[in-house]
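Colleague: Before we discuss this model, could you put it on the screen, so that each term can be set against its definition?

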Amino acid sequence: MSSVRAKKHLGQHFLNDKNAAQRIVEALTPSLGFKQVLEVGPGMGVLSDFLLQNDSYQTFLIDVDDESIEFLADKYPQVGNRLIHGDFLALDFSQYFEDKMAIIGNFPYNISSQILFKILEERNRVVEMVGMFQKEVAERCVAKPGNKEYGILSVFLQAYYDVSYLFTVKAGAFNPPPKVLSGVMRMVRNDRETLDCDEKLFWRVVKAGFNQRRKTLRNALSAVVPKDQMSDNPLYELRAERLTVADFEALTREISNTK
């Protein structure tokens, strides 16, 4: 096979800018202690070329596309059973990764949120992620309180990771070119093992707050805790976008005590 046809239903836009690909791969930080890297959606291997040159870690590739798998198996016979034919969102990490690992990829933009939530599920294994997303999604992930882009993804990711925006990639660097700009970001696992509150309730509070983000939390959270049980905590008078992760933890602890 000489190439792979990009498929719209899989959200494929193959990166063909080797300089950008090299920058993405070089953003990985092996000093964090991982020995395995999983590339999601390698397509025709523009990132894989650089990953496989680095012998400080083992590179695994996963793609759901039959054509890409056939192409990659022919291009990288040395990868062997580290080429996984399957859906990343359904991957059982424990079958392949024993300890700390990193994830990298030019991710399909149509499932970017699901990919990030999958990484969150595996946060005690995934110590770093470097990836390409739609620029707006990457900006949302790194946004700070008070920024209009700050939202559910921002809070959940920043609870467990230090998130940073690295650089922007123009549409012409892809085939076919997407209709949006792309942004590369990095996430490095922080030292927070668990939240200082009921985690399930924390997620409910954050989601409820941002689902009615124009309302103050006293109104937005009324489905989580009745108004007559809310204290005079000034956090209730703010909108969700003003609260830090620590603020959401504090509010969740208080709500837990009312139940």
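Modeller: This is a predicted model, and a suitable place to begin is the stretch in which strand 2, helix 2 (residues 46-51) and strand 3 make a right-handed β-α-β unit.

Colleague: What makes the unit of strand 2, helix 2 and strand 3 right-handed?

Modeller: The term is used because, with the strands pointing away from the viewer, the path from the first strand over the helix to the second runs clockwise. Strand 3, helix 3 (residues 66-75) and strand 4 make a further right-handed β-α-β unit.

Colleague: How do you know that strand 2 and strand 3 pair?

Modeller: Pairing requires at least two bridges between the strands, and strand 2 (residues 36-40) and strand 3 have five, in the parallel sense, so the two count as paired. Strand 3 and strand 4 (residues 83-85) also run in the parallel sense, with three bridges, and therefore satisfy the requirement of at least two. Ile62 of strand 3 can serve as a landmark here, since Val40 stands opposite Ile62 and Ile62 in turn stands opposite Ile84 in strand 4.

Colleague: Why is strand 3 called mostly covered?

Modeller: Five of the six residues in strand 3 (residues 58-63) are buried, and that word is reserved for residues under 20% relative accessible area. Phe60 has a relative accessibility of 6%, so Phe60 counts as buried.

Colleague: Why is the pair of Phe60 and Phe97 called edge-to-face?

Modeller: The search of the whole structure finds 13 aromatic pairs. For Phe60 and Phe97, the ring centres are 5.0 Å apart and the planes are at 65°; because centres must lie within 6.5 Å and planes over 60 degrees apart count as edge-to-face, both conditions are met. The pair joins distant parts of the chain, with Phe60 in strand 3 and Phe97 in the loop between strand 4 and strand 5 (101-106), 37 residues apart. Phe97 has 1% relative accessibility and therefore counts as buried.

Colleague: What makes Phe88 and Phe93 an edge-to-face pair?

Modeller: Their centres are 5.8 Å apart and the angle between the planes is 65°, so the values again fall within 6.5 Å and over 60 degrees. Phe88, at 5% relative accessibility, therefore counts as buried, and so does Phe93, at 1%. Elsewhere, ring pairs link Phe117, Tyr150, Phe156, Phe202, Trp203, Phe210 and Phe248 into a cluster.

Colleague: How do you know that the charged end of Arg23 sits over the ring of Phe167?

Modeller: The charged end of Arg23 is 3.8 Å from the centre of the Phe167 ring, and the rule asks for a position within 6 Å of the ring centre and within 35 degrees of the ring normal. Arg123 likewise lies over the face of Tyr160, at 4.1 Å from the ring centre.

Colleague: Why does the radius of gyration of the protein chain agree with a compact globule?

Modeller: A compact globule of 259 residues would have a radius of gyration near 18 Å, and the protein chain has 20 Å, so the two agree. The C-alpha atoms fill a box of roughly 65 × 40 × 30 Å along the principal axes, and buried residues make up 50% of the 259 residues.

Colleague: Which residues does the UniProt domain annotation cover?

Modeller: The unreviewed UniProt entry annotates residues 20-191 as "domain: Ribosomal RNA adenine methylase transferase N-terminal"; in the model that span is 29% helix and 28% strand.

Terms used
Residues numbered from 1 in each chain as written. Predicted model: local features only at pLDDT ≥ 70, side-chain atom pairs only at ≥ 80, totals over all residues. Heavy atoms only, no water. Buried < 20%, exposed > 50% of the residue type's maximum accessible area, 1.4 Å probe, protein only. Helix = DSSP H or I, 4+ residues; strand = E, 2+ residues; numbered from the N terminus. Phe/Tyr/Trp six-rings, centres within 6.5 Å; stacked < 30°, edge-to-face > 60°. UniProt positions renumbered as here; feature names shortened; annotations may be inferred. Rg over C-alpha atoms; globule rule 2.2 N^0.38 Å.
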